[in-house]
Amino acid sequence: MVRRHPITHDYRLVPAATAVWATAVAGLFLSWQAAVLLGLAAGAVGLAAWRRAWWTRTCAMALLISGPLAAAWVGGNVLRAETHPLRLAADEGRATTLTVELSTRPRGIRAAGFGGHQAGVDHVVITATANGAHLVLLAPADRWRNLLPGQEVTAKGTLAPPRRGDLTSALLRVRGPPINPQPPPIWQSWADHLRDGLREASAVLGDEEAGLLPALVVGDSDRMVPRVVDEFRTAGLAHLLAVSGANLAIVCGAVYLLAKRFRAGPRTAAAAAMAALVGFVVLAGPEPSVLRAAVMGAVTLLALVLGRRRSTLPSLATAVLVLVLIDPALGGDPGFALSVVATAALVLVAPKWSRALKARGVPNGLAEAIVVPTAASLATAPLVAGISGQISLVAIVANLVAGPVVAPATVLGVAAAAVAPLWGSAAELLVHVAGPAVTWLVQVGRQAASVPGASVGWPEGWAGAIALIVVVAAVVLLLRLKKARTLVVAVLIGGFVVLVPMKIVAPAWPPDGWKVVTCDVGQGDALVLATDDADRAVVVDTGPDPGAVDRCLKTLGIKRIPLVVLTHLHADHVQGLPAVLTGRAVGAVAVGPLKEPAWAWKEVRAQARSHGVRVVEPKAGERFAWPGLEMEVLGPRRVATAGDANTTVNDYSLVLKAHTRAGRVLLTGDVELAGQSALLGERDLGAEVLKVPHHGSRYSLPAFLRTVRPRVALVSVGTGNRYGHPSPHVLDMLRAGGALVLRTDEDGDLAVLPGNRTVRRRRGWSGSGCTTRATRFPVARPDSRGPCGRRTTRRRHGRTTSSNPISVTTSAKHSKTAPEPSPTGRRSRTCCRPPRPPSRKRRTTSSRTTCSTTRCGSHRTTGTPITTTC
């Protein structure tokens with residue numbers, strides 16, 4: 001019987017490649033002195049290894065040569081970037097005019113919409129060179145997004161210091177359009193023509209598929225739907241949106257196999273595949289990520305032609321040596337690190353795991369399909385966690401399910417791009433054929449991202465990456481030991497036994513019987529009003545992020561929406577409309593009388609038309625009714641006047657009053673001073689729940705807040721927003737009126753229930769769990785006079801119970817009558833206490849005596865304790 005020996009790898013170039021890469025990282029993130037010291041130290045180790053015969057002669061000589069070479073080259077480049085005159089000018093923030101040569105295609109920066117500003121690409125980032133220095137241009141998207149690499153343009157702007165981690169000498173914030181742009185190279189124009197043809201052919205698919213196909217084929221993600229991008233990131237499929245070695249391997253492999261099909265020899269087939277590789281690089285553009293993928297693809301192709309599996313690791317090490325020495329900035333590029341680590345995992349780990357599965361009877365193809373995404377995902381998990389701050393728990397399964405359709409979609413997309421300039425109908429036919437595969441990818445990402453706990457948060461940066469490396473290494477070492485393996489299994493089973501019953505015994509979000517939910521959608525509004533039907537609700541505003549409102553509606557289980565109300569057409573209220581309309585039965589979309597800004601009105605009509613939903617304009621006084629929910633339109637009652645200023649649009653917001661089983665709810669949109677003043681003439685503005693106008697902006701009338709007299713004030717606001725929302729003055733007025741103020745930036749999703757209860761759902765740092773807090777409405781009787789002769793606010797405080805992970809607060813039921821008698825038959829008296837002396841750390845606004853109504857002596861607690869968990 002012939003004994004099968006495992007494949008051995010040639011590690012002789014690995015120390016040299018590691019030393020060069022480490023030298024580049026030290027120079028980019030520390031200083032040029034650190035690069036010189038590290039490179040010289042690597043050379044000294046190589047010299048010692050050569051003289052004392054620690055390693056083979058080739059290994060020692062490679063380290064001895066590459067270490068000092070990297071020290072000189074990397075250190076010199078870092079020093080040149082740090083001492084260039086443009087760096088000195090950037091430190092002083094000088095304005096300048098430069099003639100630059102573009103190095104990459106403009107890459108759009110997507111901004112969140114707010115107010116009259118539409119969400120989308122406002123600026124582009126371009127790398128360029130000028131006077132021997134590397135620059136990053138931050139330019140307006142309008143006139144700069146169509147430029148190509150190799151063009152020379154003149155740009156005016158202000159210099160600023162760059163971020164660390166590359167060889168950029170300055171950041172140029174460009175003002176105005178490009179001046180005197182020169183024609184691009186002919187091959188760049190040809191490649192741009194092909195990319196345009198692919199985009200035009202992809203338009204025959206739906207919006208999501210039309211944006212995904214160019215991203216999948218050539219990394220062109222400018223037209224991708226943000227919701228799909230978020231879902232792919234959560235599902236661990238974001239690598240499909242950038243050109244990688246997999247793209248080139250698919251294209252070159254298809255050409256190679258096609259050439260072999262026509263009986264071509266190995267060299268002829270390899271030459272054809274290499275030509276396809278060069279053409280693909282030109283098509284995708286000479287960006288660092290594309291060049292890196294090209295070298296990785298060439299390494300794979302070379303190993304395939306030579307038929308030497310042992311040559312893969314030396315080729316990978318050679319690629320690292322060559323690329324980092326040519327462009328030291330690649331040493332700090334996250335994409336480069338991901339490619340190298342993933343390729344190393346496929347070379348070193350995947351074959352062993354595959355053989356182990358085959359030895360246990362797993363079929364050959366299935367074993368490789370399981371091993372490849374598993375090895376790549378585990379190897380790159382620390383880097384992904386450090387970069388994105390999250391770990392996808394469904395990445396392996398999602399990649400396993402999505403993997404079979406990536407190759408045909410990529411090949412068909414490349415073929416469509418190639419024939420589009422010559423025969424548009426044929427290109428559209430190829431896109432139609434690729435359509436089901438692209439739709440499958442969209443659905444895989446969507447379903448994987450919707451799994452509870454699909455991703456968990458993790459500390460960002462180097463600390464997070466190193467921490468996860470330690471965790472993964474510890475788990476791997478424990479699983480290799482039989483006794484420790486038993487212990488790990490016991491811990492997992494114990495956790496399952498403990499945690500699952502806790503999850504089952506206590507209800508999860510949403511709480512049973514919810515009637516009003518304010519979704520945490522960031523700096524924007526999205527509110528859901530429940531009907532008596534479990535899966536049917538009215539949605540008021542849709543927020544700025546389609547992904548956020550879609551997640552909220554999914555967690556609530558909403559499948560039917562009889563009415564979507566857009567209080568006004570600002571971006572932070574309407575940008576999530578596509579997600580609300582997708583996959584749900586929607587009756588109509590209601591808008592106000594002012595159709596400004598024009599871009600938003602056009603987008604709303606287009607979205608409604610594409611989903612077959614009618615658009616209505618309710619008038620003041622109209623009523624809508626569903627089982628368990630009634631809505632009345634209170635305003636605006638004024639005739640709409642032209643004008644797209646933010647204040648004008650805000651004051652023409654639709655204002656509605658909803659009657660729910662949890663009480664009256666006043667929905668105010670973003671009405672400001674004029675809009676609130678106009679509402680003061682209404683016969684009854686009182687409501688138990690108030691959606692605070694304009695995210696708690698300071699433009700709120702005290703008389704309006706006193707008239708509403710809310711018991712609960714819901715503030716929908718984004719964390720750390722730059723608008724100063726909510727205003728502390730407005731919050732103080734609401735609390736002084738006896739309202740319980742809840743904010744989405746601090747409390748997360750907010751639910752109001754019958755029986756004077758509210759529940760807050762705050763996502764923990766893990767990103768998947770949540771902390772729920774349930775509270776009784778406070779009892780507030782403003783404008784009453786206590787025995788001290790001053791105005792008092794009457795509140796009754798009950799006891800608090802808590803359980804992990806829920807904290808539950810219970811207080812007395814609301815009552816507008818006099819205080820209930822105590823068990824002794826006497827009325828509770830009011831205790832007046834002098835105020836506490838002002839603290840240095842806490843500002844006080846008044847030094848008057850503070851009176852509060854409490855139980856003095858015997859006390860009776862009313863109300864039923866709430867116990868919920870998440």
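Student: Let's start with the strands. Which residue is the bridge partner of L137 in β6?

Tutor: In this predicted model, L137 has L172 of β6 as its bridge partner. The pairing belongs to a wider set, as 5 bridges connect strand β4 (residues 133–140) with β6.

Student: In which sense do β4 and β6 run, parallel or antiparallel?

Tutor: β4 and β6 run parallel. Now look at strand β5 (residues 152–160), which pairs with β6 in the antiparallel sense over 4 bridges. L172 turns up here too, as the bridge partner of L159.

Student: And how should I think about side chains along a strand?

Tutor: As a general idea, side chains in a regular strand alternate between the two faces of the sheet. For β6 here, we can also ask about burial.

Student: How many of the 7 residues of β6 are buried?

Tutor: In strand β6 (residues 168–174), 6 of the 7 residues are buried, so the strand is largely enclosed by the rest of the structure.

Student: What about the loop between β5 and β6: is G165 there buried or exposed?

Tutor: A residue counts as buried under 20% relative accessible area. G165, which lies in that loop, has 4% and is buried. Its contacts, leaving out residues up to four places away in sequence, are L28, F29, A329 and G332. The C-alpha atoms of G165 and G331 are 8.6 Å apart, although 166 residues separate the two along the chain.

Student: On to helices. At what angle do α7 and α17 pack?

Tutor: Angles from 65 to 115 degrees count as roughly perpendicular. Helix α7 (residues 207–218) packs against helix α17 (residues 424–449) at about 100°, with the axes 9 Å apart, so the two helices are roughly perpendicular to each other.

Student: Which residues meet there?

Tutor: From α7 come E208, E209, L212, L213 and L216, and from α17 come V431, V438, T439, L441, V442 and R446. Sorted by class, this contact has 7 nonpolar, 1 polar and 3 charged residues.

Student: One last case: which backbone atoms does the side chain of T531 reach?

Tutor: For a polar contact, the N or O atoms must lie within 3.5 Å. The T531 side chain reaches the backbone nitrogen of D533 at 3.3 Å and the backbone oxygen of R536 at 2.8 Å. T531 sits in the loop between β10 (527–530) and β11 (537–540), and its relative accessibility of 5% counts as buried.

Student: What else is T531 in contact with?

Tutor: Setting aside neighbours within four places in sequence, T531 is in contact with K515, R536, A537, W626, P627 and L629.

Definitions and conventions. Residues numbered from 1 in each chain as written. Predicted model: local features only at pLDDT ≥ 70, side-chain atom pairs only at ≥ 80, totals over all residues. Heavy atoms only, no water. Buried < 20%, exposed > 50% of the residue type's maximum accessible area, 1.4 Å probe, protein only. Pairing = 2+ DSSP bridges. Axes fitted to C-alpha atoms, helices over the stretch in contact; angles between N-to-C directions. Parallel < 35°, antiparallel > 145°, perpendicular 65-115°, else oblique. Contact = heavy atoms within 4.5 Å. Nonpolar A, V, L, I, M, F, W, Y, C, P; charged D, E, K, R; others polar. Polar contact = N/O pair within 3.5 Å; in protein donor to acceptor, adjacent residues only side chain to side chain.
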